[in-house]
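Subject: Handing over the structure

Hi,

Here is the structure I promised to pass on. Have a look at it first, and then read on for my notes.

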Amino acid sequence: VASSSSSSSAVTTAEAGGAVPATMKAWAYDEYGDGTVLKFKDAVPVPDIADDQVLVRVAAAALNPVDSKRRAGKFKATDSPLPTVPGYDAAGVVVKVGSKVKGLKVGDEVYGNINEKALEGPKQSGSLAEYTAVEEKLVAIKPSNLDFAQAAGLPLAVETAHEGLERAGLSAGKSVLVLGGAGGVGSLAIQLAKQVFGAAKVAATASTPKLELLKSLGADLAIDYTKENFDQLPDKYDVVFDAVGQGEKAVKVVKEGGSVVVLTGAVPPPGFRFVVTSDGSVLEKLNPYLESGKVKPLVDPKGPFAFSQVVEAFSYLDAGRATGKEFVYIL
Ligand SMILES: NC(=O)C1=CN([C@@H]2O[C@H](COP(=O)(O)OP(=O)(O)OC[C@H]3O[C@@H](n4cnc5c(N)ncnc54)[C@H](OP(=O)(O)O)[C@@H]3O)[C@@H](O)[C@H]2O)C=CC1
Ligand SMILES: CC[C@H]1OC(C)=C(O)C1=O
């Protein structure tokens, strides 16, 4: 998001030490529906913090498909009450700490996915707002080499990639196929597979214009799904990581005794689906990879979007063609 000022440093000093206002600017919806239910509000209550939480002045927030699925009412049975301020991913500055917070202080620059269980009672007041409350255990200190926007695009996607590859048992020397390698999660799954899990062979799928991108992320084999079907190629893999929803085909290309992990849609055995758990310690574990540049956030060139352009940003994300992450500066 191109904020009113070009830099997000405006957040680091003034708000960090200043008084916290009672109300804030935020995007919200009070009914389920498509992007048209999103309304910009300029006097939403700033959330209170619990003893184990910090209040963050949000400098940048990222969008995820789960935001749109939740807004459509797909998870209403386990959602928090309406009205909702959407947004899972945030990066910003700590402005208040709860009495039980031990590892963070006012002024710390942090990032994280604010909902521990993505679909079970996600917070009513999310990250597409000037302030958000989040448990200390769900955030980490922002990598020193990333700006707030780059950092905001990481948490939910990188935690999903990490958890999915870990649950699938990916380890050094194994092979992995990433279905949807150019997306927010897939672009990180390729990098983690190579750099963190030590995969010997990483294959990934995308459309023609994105094949070189897959290789730049570390893929040994880039499969153009507009020209060939991965399930009709001879290769079999120890792990198949499906970020598209192709579980039925994915199980056809896994080796005997291998794993198929899917993020969305149905999958027959031996495949399984999981829902990401937010965990600040995963971000801390990945910090050396992020600060060294071995793992890089991929920011969609369509962005950044201004805080006022959240509806446009979701329209772009919902079209299913995003390359890396969409994010929004909140200043
Ligand atoms: N279970 C969980 O905990 C989680 C589930 N998810 C889900 O995973 C899915 C992916 O999330 P995310 O990465 O954020 O999504 P994105 O919106 O970032 O994915 C967009 C990308 O998907 C690619 N894509 C679309 N169709 C295909 C296809 N048939 N084959 C290969 N690539 C394709 C596009 O590439 P191209 O333009 O080349 O088609 C585009 O780059 C979503 O459904 C999301 O809801 C995400 C996070 C957590
Ligand atoms: C059931 C998967 C669901 O959970 C998240 C976080 C998504 O993006 C989904 O589609």
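Below is what turned up, starting with the pockets and the ligands.

A bit of housekeeping before that. This is a predicted model, so local features need pLDDT of at least 70 and side-chain atom pairs count only at pLDDT 80 or more, while totals for chains, interfaces and linings use all residues. Residues are numbered from 1 along each chain as its sequence is written, chains are lettered from A and ligands numbered from 1 in the order in which they are written, and side-chain values use heavy atoms, with hydrogens and water left out.

The largest pocket

Pockets and cavities both come from a 1 Å grid over the protein atoms alone: a cavity is a set of points where a 1.4 Å probe fits but cannot get out, and a pocket is an open set with protein on both sides within 12 Å along at least five of seven lines. Lining residues have an atom within 4 Å of a point. For volumes, grid points are joined across faces, edges and corners, and the space filled by probe spheres set on them is taken.

The largest pocket comes out at about 1200 Å³. Its lining has 40 residues, and P65, K69, A243, L263 and T264 lie nearest its centre. At least two lining residues each come from α2, α4, α5, β9 and α9 (310–318); helices (H or I, at least four residues) and strands (E, at least two) are DSSP runs, numbered from the N terminus. By class, the lining splits into 20 nonpolar, 14 polar and six charged residues. Here Ala, Val, Leu, Ile, Met, Phe, Trp, Tyr, Cys and Pro count as nonpolar, Asp, Glu, Lys and Arg as charged, and the others, Gly among them, as polar.

Ligand 1

Where does ligand 1 sit? In the largest pocket, going by the rule that more than half of a molecule's atoms must lie within 2 Å of the grid points. There are 27 residues around ligand 1, with K69, S207, Y225, R321 and A322 coming nearest; a residue is near if one of its heavy atoms lies within 4 Å.

Several polar contacts (pairs of N or O atoms within 3.5 Å; within protein, one must be able to donate a hydrogen and the other to accept it, and residues adjacent in sequence count only if both atoms are side-chain atoms) are worth a look. R321 brings a polar side-chain atom to 2.6 Å from an oxygen atom of ligand 1. From the backbone, a polar atom of V276 is 2.7 Å from an oxygen atom of ligand 1, and an N or O atom of F274 is 2.7 Å from a nitrogen atom of the ligand. On its own ligand 1 exposes 930 Å², and the protein buries 87% of that (accessible areas come from the Shrake-Rupley method with a 1.4 Å probe; for residues, only the protein chains shown count as cover).

The elements giving two or more residues to the shell around ligand 1 are α2 (65–71), α4 (155–167), α5 (184–195) and β9 (201–206). That shell has 14 nonpolar, ten polar and three charged residues.

Ligand 2

Ligand 2 also takes up space in the largest pocket. Around ligand 2 are V66, K69, A118, L119 and L263, and an N or O atom in the K69 side chain is 2.6 Å from one of the ligand's oxygen atoms. Alone, ligand 2 has 300 Å² of accessible area, of which the protein covers 85%. Its shell has four nonpolar residues, one charged and no polar ones.

Other spaces

The second largest pocket has a volume of about 200 Å³. Strand β2 (residues 39–45) gives the largest share of its lining, three residues. By class, that lining has seven nonpolar, three polar and two charged residues.

How many cavities of 30 Å³ or more does the whole structure hold? The search finds one, with about 40 Å³ of space in it. Its lining includes V56, Y111 and T132, and β4 (89–97), β5 (109–113) and β6 (131–135) each supply at least two residues. No charged residues line this cavity, against eight nonpolar and three polar.

Cis peptide bonds

Finally, the bond from P269 to P270 is cis, with omega near 5°; P270 lies in the loop between β12 (254–262) and β13 (271–273). Another cis peptide bond joins G303 and P304, with omega about 0°, and P304 is in the loop between α8 (280–291) and α9.

Cheers
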